[in-house]
Amino acid sequence: MSDVAKVAGVSHQTVSRVVNGHPNVREETVVRVRRAIAELGYQPNSTARALVTRRTNVLGALAVDTTLFGPAQTLAGIERAAREAGYFLSIVSVDDLSPDGVAEALDHLVQQAVEGCVAITPQRELAHALAALPGPRPLVAVEGGEGAGFPVVGVDQEQGARDAVRHLVGLGHRTVHHVAGRADWLEAEARVHGWREELLAAGHVVPEPLAGDWSPRSGYELGHRLAERRAAGEEVTAVFVANDQMAVGVLKAFHEVGLRVPDDVSVVGFDDIPESAYLTPGLTTVVQDFTRVGTAALEVLLGALESPDHADTPVDRTVPAVLRVRDSSAPPSA
């Protein structure tokens, strides 16, 4: 910084004001300082700045199963929102959900001197571990469930499931079968609950759900089981699948046994992965706005940083899900 000041012909303090965006610097001075910065290749020393300001401008992110579309897109939304707010994001992926595994991940973020943390907590086990363990505070959970003891931001999974079932019932289907996600995921649990409650509210029979693991392979296997139920005389005219990747497997299974979608069976997914619109037929699905979730999580976290006394005050910020109707759903055939 002293070298920049010498080349620009200004004081060290003026360079500091320009670097930090202080408004009370003449425009011609700003131009000279920036020209000197470019000429010398100057980069602010984040470690030195942290020693002076006691701020690192680094936030932490704890994530699980980022190979899956939902967690990956949620993490991308958080990173984008952090960058726009002027923060760096230090990301730790958790593979071991035991207390020791979660504690090790939290310790890594503490060592990075993060100012706060956003945790993508789709699994109840992880949400409970975060509530019980010391770690970076303030902490905001994404999809952390109710009663976590810290602020939670997430999509209204139950409402999205209810909208999917309401759409199919409104088309005239007398019941809707369900291919569920992993039982240890809070999102899967909420989608099962929404599916069941909407069927009961409409006075329809609730079939036994089939549990998958979010993968196309599990959807394919369970699609064949649904086809077997139909062949055995069970009324299978509509299926709500807990994510689009499993729905891809369901569609393939139905195609192999000669069931036409939506002529014979309507299919609705969840997530709106980029491929959904280009399947044959285009997949009706429930959209999650991951960018909005990331922005909301950062807003809550930054609010907690500004008001440390209220950092652990429970807050539930819910982002609505939106049904996107395409060609895979239609009235049941005669």
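User: What makes Ala 113 count as partly exposed?

Analyst: This is a predicted model, and the relative accessibility of Ala 113 in it is 37%. Buried means under 20% and exposed means over 50%, with partly exposed in between. Ala 113 is therefore partly exposed. The residue is found in the loop between α6 and β3.

User: What stands out about the phi of Ala 113?

Analyst: Phi of Ala 113 is near 55°, which is a positive value in a residue other than glycine. Asp 65 is described in the same terms, with a positive phi near 50° in a residue that is not glycine. Asp 65 sits in the loop between β1 and α5. With a relative accessibility of 28%, Asp 65 falls between the 20% and 50% limits, so Asp 65 also counts as partly exposed.

User: Which residue with positive phi follows α5?

Analyst: Gly 86 follows α5, with a phi near 90°.

User: Why is Ser 90 called buried?

Analyst: Ser 90 has a relative accessibility of 13%, and the limit for buried is under 20%, so Ser 90 is buried. Ser 90 lies in strand β2. Leaving out residues up to four places away in sequence, Ser 90 touches Val 58, Leu 59, Gly 60, Ala 61, Leu 109, Gln 112 and Val 114.

User: How do you know that β1 and β2 pair?

Analyst: Two strands pair if there are at least two bridges between them. β1 and β2 have six bridges, so they meet that condition, and they pair in the parallel sense. One pair of bridge partners is Ala 61 and Ile 91, with Ile 91 in β2.

User: How do you know that β1 pairs with β3 as well?

Analyst: Three bridges join β1 (residues 58–63) to β3 (residues 117–120), and at least two are needed, so these strands pair too. They run parallel. Leu 62 has Ala 119 of β3 as its bridge partner.

User: What is the order of strands in the sheet that holds β1?

Analyst: The order is β2-β1-β3-β4-β5-β11, in an open sheet with parallel pairing. β2 (88–93) and β11 (316–319) are its edge strands, each paired on one side only. On average, neighbouring strands of this sheet are turned by 20° against each other, direction ignored. Helix α6 (residues 99–111) packs on the sheet and touches β1, β2 and β3, with its direction at about 165° to that of β1.

User: What makes up the β-α-β unit that contains β1, and what is its handedness?

Analyst: β1, helix α5 (residues 69–84) and β2 make up the unit, and it is right-handed.

User: How does the span of α5 compare with the expected one?

Analyst: α5 has 16 residues, and the expected span at 1.5 Å a residue is 22 Å. From first C-alpha to last, α5 reaches 23 Å, which is close to that value. Among the buried residues of α5 are Thr 74, Leu 75, Ile 78, Ala 81 and Ala 82. Residues three or four places apart in an α-helix point the same way because there are 3.6 residues a turn.

User: Why are β7 and β12 called edge strands?

Analyst: Their sheet is open and mixed, with the order β7-β6-β8-β9-β10-β12. β7 (210–211) and β12 (322–324) each have a single partner strand, so one side of each is left without a neighbour in the sheet. Helix α8 (residues 157–170) packs on this sheet, touching β8 (238–241), β9, β10 and β12.

User: What makes β9 and β10 a pair?

Analyst: Four bridges join β9 to β10, and the condition is at least two, so the two strands pair. They run parallel, and the partner of Phe 270 in β10 is Val 286.

User: Is His 178 buried or exposed?

Analyst: His 178 has a relative accessible area of 1%, which is under 20%, so the residue is buried. His 178 belongs to strand β6 (residues 177–180).

User: What makes the approach of Phe 240 to His 178 a polar contact?

Analyst: The backbone oxygen of Phe 240 lies 2.8 Å from a polar atom of the His 178 side chain. The limit for a polar contact is within 3.5 Å.

User: Which value of omega goes with the cis bond from Val 261 to Pro 262?

Analyst: Omega is near 5° there, and Pro 262 is in the loop between α11 (244–256) and β9 (266–271). A cis peptide bond also joins Thr 280 and Pro 281, with omega about 0°. Pro 281 lies in the loop between β9 and β10 (284–287).

Key: Residues are numbered from 1 along each chain as its sequence is written. This is a predicted model: local features need pLDDT of at least 70, side-chain atom pairs count only at pLDDT 80 or more; totals for chains, interfaces and linings use all residues. Side-chain values use heavy atoms; hydrogens and water are left out. Axes are lines fitted to C-alpha atoms, for helices over the stretch in contact, and angles run from 0 to 180 degrees between N-to-C directions. Contact means heavy atoms within 4.5 Å. A crossover is right-handed if, with the strands pointing away from the viewer, the path from the first strand over the helix to the second runs clockwise. The expected span of a helix is 1.5 Å times one less than its number of residues. Buried means under 20% relative accessible area, exposed over 50%, partly exposed in between (1.4 Å probe, protein chains only). A polar contact is a pair of N or O atoms within 3.5 Å; within protein, one must be able to donate a hydrogen and the other to accept it, and residues adjacent in sequence count only if both atoms are side-chain atoms.
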